[in-house]
Amino acid sequence: MAVPHPPVYQEYYTRTPFQLFSGVGWKRLVAFRADESGVTLGGPVTRYRRFTGVVPWRDIEAVVVWATKKDMERPIRRIGLKLRPGVPDVPGPDAKISPQAAASAAPHIEYPVVRNNRVIVFWKVDHARLSAAVRAFAPHVQLRVHPVHRVRPGQGGGPGYGGSPGYGSGGSIFDIMP
């Protein structure tokens, strides 16, 4: 009788010519991996080595999958980690994002999760396999999958998103007074 495959969940970036010119070559790059040792968040292709991080399960409270969508745009899908208090952030492009920028990008997601996330681009999440891996390797870790969150004018805090008080923003001077 054959032994069933372990529930390791691994996704690779789709290879593109851009990968060749970015200096990482033509090898398969891991975008996301969940195995017995923890979670690997692959860095963006242009800075893959610098921003790839491995986090042991003992340091993770939750794996969070979400998407945001502005009018007339495709959803931006992301996966992030909620780390236990005191655990340093995963190296990545959003590790130093401000709370205001995080609230503008994903108002429904906790700030620490936004800091420890990756955009799901050039790969896809298989929710069933991810769920099986989390259950098998870390039943104490939550898996949260949020529906697509629509960012509308009046939400968020950046210029052009209608979050700043002013004409047509949906905000008023009374929103910033003590």
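Modeller: Axes are lines fitted to C-alpha atoms, for helices over the stretch in contact, and angles run from 0 to 180 degrees between N-to-C directions; contact means heavy atoms within 4.5 Å. The model is predicted, so local features need pLDDT of at least 70 and side-chain atom pairs count only at pLDDT 80 or more, while totals for chains, interfaces and linings use all residues. Residues are numbered from 1 along each chain as its sequence is written, and side-chain values use heavy atoms, leaving out hydrogens and water.

Colleague: At what angle does helix 5 run to strand 8?

Modeller: Helices (H or I, at least four residues) and strands (E, at least two) are DSSP runs, numbered from the N terminus. Helix 5 lies across strand 5, strand 6 and strand 8, and its angle to strand 8 is about 145°.

Colleague: Which strands stand at the edges of the open sheet?

Modeller: The sheet has four strands in the order 7-6-5-8, with mixed pairing; two strands pair if DSSP finds at least two bridges between them. Each edge strand has a single partner, so one side of it is left without a neighbour; these are strand 7 (117-119) and strand 8 (142-151).

Colleague: Which strand gives the most to the largest nonpolar core?

Modeller: Such a core joins buried (under 20% relative accessible area, 1.4 Å probe, protein chains only) Ala, Val, Leu, Ile, Met, Phe, Trp, Tyr and Cys residues through side-chain atoms within 4.5 Å. Of its 28 residues, those touching the most other members include Phe32 and Trp57. Strands 2, 3, 5 and 6 and helix 5 each supply at least two residues. With four residues, the main contributor is strand 2.

Note on methods
Buried < 20%, exposed > 50% of the residue type's maximum accessible area, 1.4 Å probe, protein only.
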